[in-house]
Amino acid sequence: MKLIELLEKNSKILSNKNAISYKEGENLIILTWKEFWNKVCQTANGLHTLDVKKGDCVGIFAQNSKDWVIMDVAVQILGAVTIPIYATNNYAQTEYIIKQTEMQHILVGDTPQLEILKSAETHLNKKLHIFTSHIINDEAENITYFPDFIKNFSTERNIAEISDEDLATILYTSGTTGTPKGVMLTHGCFKNVINAHNKFFGFKDLYSMKSLAFLPLSHIFERAWSLYVLSQGGEIAILEDPKNILNTLKQVKPNAMCAVPRFYEKVYQTLVKKIDSASPTKQKLFKKALEIGAKVADKKRTDSPVPFLLNLKFKFFDTLVFKKIKKELGGNLEFLPCGGAMLKKEIAEFFAAIGLPVIVGYGLTETTATVTALPTKNPVYGSVGIPLPGVDIKIGAEDEILVKYGGVMKGYYKNEEETEKVFTEDGYFKTGDAGRIDENGNLFIVDRIKDLMKTSNGKYIAPQTIEIPLQSHPEISQAMVIAEGKPYVSAVIVPDFETLIEKYQEFKNYVSLTIEEKKKLLETPFIKEKFEKIVNDIQKEFASYEKIKKFKLLPEEFTIEKGEITPTLKIKRRVVLEKLNALIEGMYA
């Protein structure tokens, strides 16, 4: 069955069960399956009166919300095409998408997105029908408050006649370089994702699953996973502001959540900081707990029985140590899909030891997200797992990972030239990632082929293999390596100032730091020597040509708002290189 058919079926057989939950102020609001589907049908009927028909493009330019999900499903019921736009997109990116898709209708989240749309309307000389999720003080005729718009329409609607080849959505890659490309995903893509997940993970039912939508729904990882959970009758708890993640986890208590490696790195660093500042007795206790946890995790990983005495010790440390950690993450998490970048082996093993195994996977927007994942039995940490059922993966020229699968995109929207470039003659999609497959079928990511850097000495550098260890250090917030065309490797590093204040006596008088104070601190001999030692310790095992010879410390983090990182927290190298050109050139002067 297609995704939307499964959702319709759930609305009938699970009518009184929770489908969507979200916060309004301090109140938690629940939509049952019947209520959710009623709103979906009302939205579809409303859009139909506006002459939205099969194949038309409808935009969503908003933060995560219940309206986001309702609009997405309603558009698909009509056979129309959902066009998600990241809420953090700038004017140029947004105008490009509106112009290329020729959309006439769009849902916006709040005032910043509305202002961008109004500018785009002026520049493109067209009027959009704009729906708003929030009440906005704007009396323009083409702006409608979404909940008011749908309330008077019928709660019944038949699903349009849709084939597997029909488009369900076009997602524009946020990209770290170049113009965004519109990835065309069909209804068949989502159907194949559902089937592959069911066969791979062997879920008996997801009726009791509550998954927190933490990543942007505009991103294929969160979108595909959330729709999958709904397709199986689970509940999606909507998180509108990702900055509230820790508080929301404690309030909502989900048992599943998609996240990117940076989230787990941050949690890991926070725990390491706390342990480092604890008494010697507590440090010893934690070390012993991890030792026992690792042994139990290894038994479970290989599907071996856990000896009685070992299990007894684990229960003791779980009660004394691990449950307190898990309580900070809501207390109920048990299924943690992770993708978007490589997760350091050490961090994956740490979470497994405390009883929270992270299911690392690999995929792209072009593959409707996940194509490989760590299996529940015999996972190999450091890899991105094995192919899901129906996924054919092989290694091509330059060690490029090639994928053939029913979840692979139809192509790039209105861009046949780029589409032809990414498919081989025998129909494999060229991922642009370099990798290797071991004798047991586990896939290991080496790096992005396009990200590989060649120094002026002819040596190739894989930046992520250097950046991941740096960013995993508790005193480092962000790091970016520079090497392309340069005589040696350099880097820009953003310290974790909160950790520095907490950890070192030299900063005991500081509560928070202004930018100017941070700049002054970065010039002190103490900080310079401290980070030289950190960098040197981290790269002891690196080849000589991979080692960072010079680095600069930065007082401010890279942000989505300034266009320096993607919504999945990957640094946009081209943007940062342009902004910091003078500083970088200074390291090679």
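A search of the whole structure, which is a predicted model, finds zero disulfides. To see why for one pair of cysteines, it helps to recall that a disulfide requires two cysteine sulfur atoms within 2.5 Å. The sulfur of Cys258 has its closest cysteine sulfur in Cys338, at 9.1 Å, and this is too far for a bond. Looking from the other side, Cys338 is likewise in no disulfide, since the nearest cysteine sulfur is that of Cys258, 9.1 Å away. Cys258 has a relative accessible area of 0% and therefore counts as buried, and Cys338, with a relative accessible area of 2%, is buried too.

From the cysteines we can move to an open sheet of five strands, whose pairing is mixed and whose order is β2-β1-β11-β10-β12. The strands at its edges are β2, covering residues 27-32, and β12, covering 256-257, and each of these pairs on one side only. Within the sheet, strand β10 (residues 210-213) and strand β11 (residues 235-238) pair in the parallel sense, and four bridges join them. One position can be followed by eye: Ser211 has Ile236 in β11 as its bridge partner.

Helices lie across this sheet as well. Helix α2, made of residues 33-49, lies across β1 (18-24) and β2, and it runs at about 80 degrees to β2. Helix α9, made of residues 245-252, lies across β1, β10, β11 and β12, and its direction is at about 160 degrees to β10.

Another place to look is where two helices meet. Helix α1 (residues 3-13) packs against helix α8 (residues 220-231) at an angle of about 45 degrees, and the axes of the two helices are 8 Å apart. Because of that angle, α1 is described as oblique to α8. On the α1 side the contact is made by Leu3, Leu6, Leu7 and Asn10, while α8 contributes Leu227, Leu230 and Ser231. Sorted by class, the residues in the contact of α1 with α8 are five nonpolar and two polar, with no charged residues.

A single residue in another helix shows how many parts of a chain can come together. His187 lies in helix α7, which spans residues 187-201, and its relative accessible area of 4% means that His187 is buried. What does His187 touch, not counting residues up to four places away in sequence? The residues in question are Lys2, Ile4, Gln76, Ile162, Ser163, Asp164, Asp166, Leu167 and Ala168.

Further along the chain there is an open sheet of three strands, in the order β24-β25-β26, and here too the pairing is mixed. At the edges stand β24 (476-482) and β26 (548-553), each with a single partner strand, so that one side of each has no neighbour in the sheet. From one strand to the next, the twist averages 25 degrees. Strand β25, residues 489-495, pairs with β26 in the parallel sense over five bridges, and Ser490 has its bridge partner, Lys550, in β26. Finally, helix α18, residues 525-538, lies across β24, β25 and β26, and it runs at about 140 degrees to β26.

Technical notes. Residues numbered from 1 in each chain as written. Predicted model: local features only at pLDDT ≥ 70, side-chain atom pairs only at ≥ 80, totals over all residues. Heavy atoms only, no water. Axes fitted to C-alpha atoms, helices over the stretch in contact; angles between N-to-C directions. Parallel < 35°, antiparallel > 145°, perpendicular 65-115°, else oblique. Contact = heavy atoms within 4.5 Å. Nonpolar A, V, L, I, M, F, W, Y, C, P; charged D, E, K, R; others polar. Pairing = 2+ DSSP bridges. Buried < 20%, exposed > 50% of the residue type's maximum accessible area, 1.4 Å probe, protein only.
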